[in-house]
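I opened this notebook to keep track of what I looked up, entry by entry. The structure comes first, and my notes follow.

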Amino acid sequence: MMKKVILGGVLLAATSASAMPFEKPEDAIHYRQSAFSMIATNFGDMADMVKGRKDWDQAKFSQRALFVSQLTMMPGEAFEMKGSDKGETKARPEIWSDWDGFSAKLNQFQTDMANLAKVSAEGDQRATMKAFGVAAKNCKSCHSDYKHR
Ligand code: HEC
């Protein structure tokens, strides 16, 4: 049976495990954790600039925002991998029992990060900081419902 899932404006045809780039559930878990780890490193550097712990560098900030924006497109399909709810994962079962709710949070994250990438590329520091504040809310908002601590 063909199930269509919309993730960040990309239409993915989720058919069976064979449509996935992963062979085993562990591969999907490792992949999504890697994406989040890269998101966190890039996001942390932006946060340091926003909080004044590092000098402001608009070009660097804009590049990191673009990286994170693209990285937000990656974890989605890894959560679709069958069996990836078990094992070395901090993903909570609510992701699968409330898939629509989880997808909505992921979509919001993608939207806000795409906006941050766009705004920061336009070069206005004040507007960039404001868009960063909006994007930063997504981490906790999703983790509190869908990720074990
Ligand atoms: C739509 C939900 C969602 C959003 C938004 C989200 N995360 Fe996560 N994040 C998760 C889930 C679920 C996991 C657990 C993945 C696993 O262990 O399989 C996770 C894991 C992580 C991890 C651990 C990765 C590892 O190495 O195990 C870090 C770090 C992280 N997120 C940082 C962030 C940051 C920073 C943001 C915001 C910029 C963010 N996340 C936004 C859902 C989200």
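Entry one, accessibility around a charged pair. I looked up Asp145 in this predicted model and found that Asp145 is partly exposed, with a relative accessibility of 35%. I then turned to Lys105, which is likewise listed as partly exposed, its relative accessible area being 25%. The side chains of these two residues, Lys105 and Asp145, meet in a salt bridge with 3.5 Å from N to O. Lys105 belongs to helix 5 (residues 99-121) and Asp145 to helix 6, so the pair ties together parts that lie 40 residues apart in sequence.

Entry two, the other salt bridges I checked. I noted that salt bridges with shared partners join Asp45, Lys54 and Arg64 into one network. Within it I looked up the bridge between Lys54 and Asp45, whose closest N and O atoms are 2.3 Å apart. Which of these two is buried, and which is partly exposed? Asp45 is the buried partner, because its relative accessible area of 12% falls under 20%, whereas Lys54 is partly exposed at 41%.

I also followed the pair Lys86 and Asp85, whose side chains meet in a salt bridge at 3.4 Å, N to O. Here Lys86 is exposed, since its relative accessible area of 58% is over 50%, while Asp85 is partly exposed with a value of 34%. For the whole structure I wrote down a total of 7 salt bridges, and I reminded myself that side chains of opposite charge can pair when their charged atoms come close.

Entry three, the iron atom. I asked which protein residue serves as donor to the iron atom of the ligand. The only protein donor is His143, through its NE2 atom, at 2.1 Å. I located His143 in helix 6, which covers residues 125-146.

Entry four, how helix 6 packs against helix 1. I recorded that helix 1 (residues 25-50) and helix 6 pack at an angle of about 135 degrees, and that their axes are 11 Å apart. The two helices are therefore oblique to each other, and I noted their crossing as left-handed. On the side of helix 1, the contact is made by Phe43, Met46, Ala47 and Val50. On the side of helix 6, the residues taking part are Met129, Phe132, Ala135, Ala136 and Cys139.

Definitions and conventions. Residues numbered from 1 in each chain as written. Predicted model: local features only at pLDDT ≥ 70, side-chain atom pairs only at ≥ 80, totals over all residues. Heavy atoms only, no water. Donors = N, O, S within 2.8 Å, 3.2 Å for Na, K, Ca; no water. Salt bridge = Lys/Arg side-chain N within 4 Å of Asp/Glu carboxyl O. Buried < 20%, exposed > 50% of the residue type's maximum accessible area, 1.4 Å probe, protein only. Axes fitted to C-alpha atoms, helices over the stretch in contact; angles between N-to-C directions. Parallel < 35°, antiparallel > 145°, perpendicular 65-115°, else oblique. Left-handed = near helix turned anticlockwise from the far one by under 90°. Contact = heavy atoms within 4.5 Å.
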